[in-house]
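Subject: Structure handover

Hello,

Here is the structure I promised to pass on. Please open it first, then read my notes below.

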Amino acid sequence: MAAPIRVLLAKIGLDGHDRGVKVVARTLRDAGMDVIYSGLHRTPEEVVSAAVQEDVDVLGVSLLSGVQMTVFPKIFKLLEENRAKDMIIIAGGVMPDEDVEELKKMGVAEVMLQDTPPQKIVDTLRELVEARGVR
Amino acid sequence: MADYIPSMDLIEPASKGETWAVARLISRAEANMSEVREAIGEIYRRAGNAHVIGLTGVPGSGKSTMVAKLVHKLRAAGRRVAVVAIDPSSPYSGGSILGDRIRMSDLALDRDVFIRSMATHGSVGGMAHAALDVVDILDIAGFDKIIIETVGVGQDEVEIANASHTTVVVSAPGLGDEVQAIKAGILEIADIHVVSKCDRSDSNKTMTDLKSMLRDGIGHGVQPNWRAPVIGSSSFQEEGFDELVAAFDKHLESLEGEPGRARREQISSFRLRKAAEALMLERFEAQSDFDGAATDVAARTVDPYSAAETLVRNFSSEASS
C-alpha cells in the first residue's frame, strides 16, 4: 500500500477566517490523506519550516486577506533556500482572476477558489502527486 | 518527475543535520519503501546516542502543550531537541488530522528543534509503526533529546515503554478516583509521573492518589534501582518543568551500567519482535492459498487455528526450500 499523501494546510498573516481551511482539512482526511494544520496567523518562514520538516507532498495556503502577491513569492524563495522545490504548492481562498494567472506563472500548481467542490480538491491533489512521482 | 535521491545518499547530509534530508528519510521510512531498508540498517548501526523520552497519557491530559514547554526548557539548557508527535488515523478513511504542531508553532524557526507529526496508520499501542526508525534518523542527525509523544491512550497502551529510555506518564486531575490508580496498565510503566493542570484545585487529590499508589509499591516501572517521582506541573502557569527536566537527567544517570543495558536489551528485543512480526505477516498474507483459507474459515468448514497452522507450515517449508 502506498503511503498516504501528506498535506500541510496553512493560514498566513492577519487573516482569521479558518472555516474554509478546516472544511478542506476534514475533506482531505476523509479522502485518506494525512493533514497537518498550521493554526492561524503564521509567517511564511514558520510555514515553510514546518512543511520542510514534515516533508509534505502538498503545501496548501489559504488566504482570504488579499496578500497573495506578497506571500507566495516569499514562499517560493524560502522553498528554494530549503531545498524543497519539489513540494506542490496550492493556493486557496478568495482572489482576483488576474492574480490567479500571476500565481500560476510563479509556480503555484493550482488555485482553488471559494466555489471549488470538495471532490475536485481531492482529485486535483491526487493527480498532482501522481504526476510528480515517487521522491 | 522529480529527481530521486537514493536513500543511502541521504545519510551524509542527514547526519550533518540538513533538515530536508532528515525529513525525506523519515518519509521513506514511514512509507516502508523497500529501497530505504538498507539505509535504515546503516542508520541503526550508527545511532544509539540520543536520550529517548516517551510521553504518554490519556487524551486531553495536556501532552502537546507540555511538550512545547519542555522543548523550551531543554533548548535553554543547550540541547538539540526533536519531537515525534503521534496522532490517530481515522479507522474509516485511513486519513488523519495531525494537530500537535499548532501548540509548538513558536518553535518553528529554531534550527535546533525538529518536529515531526506521524499518524498511527492502523498500528495499536499508542505508537506509529515506523516511530523507532524515525528516532534513529533523528539520532544520527545529532538531536540529543528525542521526545516521542504518543496518541492519547487508554489504560493498556504500553508500547512506549518498549521504545523509550525514560517513560513519562501524564495524569490529568479530575479523571478518576483512587480505584483508577490501583489498576494495572499504563500507570505501571512510568519512570516519571507528571500531574498536569496543577493550577486546578482538584490536582492535589490526583497527586495524593498517585503517591499513595506508589507507597503501595505499584507504579515504579521495571527498573529496580529507580523510584518514580510524582511531579506536579502547570503549562498555564509554567510550573514544574525545571523539576521535570531535572528528573529526565536523573533518570538517565540511573541508567548507567546494568540498568541501561537491560533497558536497551528490552528495546532491542521489542524491535526485533516487531520486525519479525511484520515480515512474517507480509509473507503469510502473500501466500497464494491465503484467500482460499479465509473463505474456508468464513464458511466454518475450517477453524482459524487449523487454517493458520496449515498456512504457517506451508510458509516455513517454502522458506527452508
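Two residues are in contact when they have heavy atoms within 4.5 Å of each other. Keep in mind that this is a predicted model.

**The interface**

Chain A gives 32 residues to the contact, and chain B gives 32 residues as well. About 2,800 Å² is buried between chain A and chain B. Carbon and sulfur atoms account for 52% of that area.

There are polar links too. Five salt bridges cross the interface of chain A and chain B. One to look at is A:Arg6 with B:Glu30. Their closest N and O atoms are 3.4 Å apart. In addition, 21 residue pairs are in polar contact across the interface, with both residues at pLDDT 80 or more.

Which parts of chain A touch chain B? At least two residues each come from helix H1 (19-30), strand S2, helix H2 and helix H5 (118-132) of chain A. H2(A) supplies the largest share, with seven residues. By class, the side of chain A that touches chain B holds 11 nonpolar, seven polar and 14 charged residues.

**The sheet**

Now the strands. Six of them form an open sheet with parallel pairing. The order is S5(A)-S4(A)-S3(A)-S1(A)-S2(A)-S3(B). Strand S5 (110-113) of chain A and strand S3 (96-98) of chain B stand at the edges. Each has a single partner strand, so one side of each is left without a neighbour in the sheet. On average, neighbouring strands are turned by 25° against each other, direction ignored.

Two of the pairings deserve a look:

- S1 (residues 6-11) and S2 (residues 34-37) of chain A run parallel and are joined by four bridges. A:Arg6 has A:Asp34 in S2(A) as its bridge partner. A:Arg6 is also the residue that forms the salt bridge with B:Glu30.
- S2(A) and S3(B) run parallel and are joined by three bridges. Here A:Ile36 has B:Leu98 as its bridge partner.

**Helices on the sheet**

Helix H2 (residues 44-54) of chain A lies across S1, S2 and strand S3 (58-63) of chain A. H2(A) runs at about 170° to S1(A). Helix H4 (residues 97-106) of chain A also packs on the sheet. H4(A) touches strand S4 (88-93) and S5 of chain A. The direction of H4(A) makes about 150° with that of S5(A).

Where to start? Try S2(A), which pairs with S1(A) and, across the chains, with S3(B).

Best wishes

Notes: Residues numbered from 1 in each chain as written. Chains lettered and ligands numbered in written order. Predicted model: local features only at pLDDT ≥ 70, side-chain atom pairs only at ≥ 80, totals over all residues. Heavy atoms only, no water. Pairing = 2+ DSSP bridges. Axes fitted to C-alpha atoms, helices over the stretch in contact; angles between N-to-C directions. Buried area = accessible area lost by both parts, 1.4 Å probe. Salt bridge = Lys/Arg side-chain N within 4 Å of Asp/Glu carboxyl O. Polar contact = N/O pair within 3.5 Å; in protein donor to acceptor, adjacent residues only side chain to side chain. Nonpolar A, V, L, I, M, F, W, Y, C, P; charged D, E, K, R; others polar.
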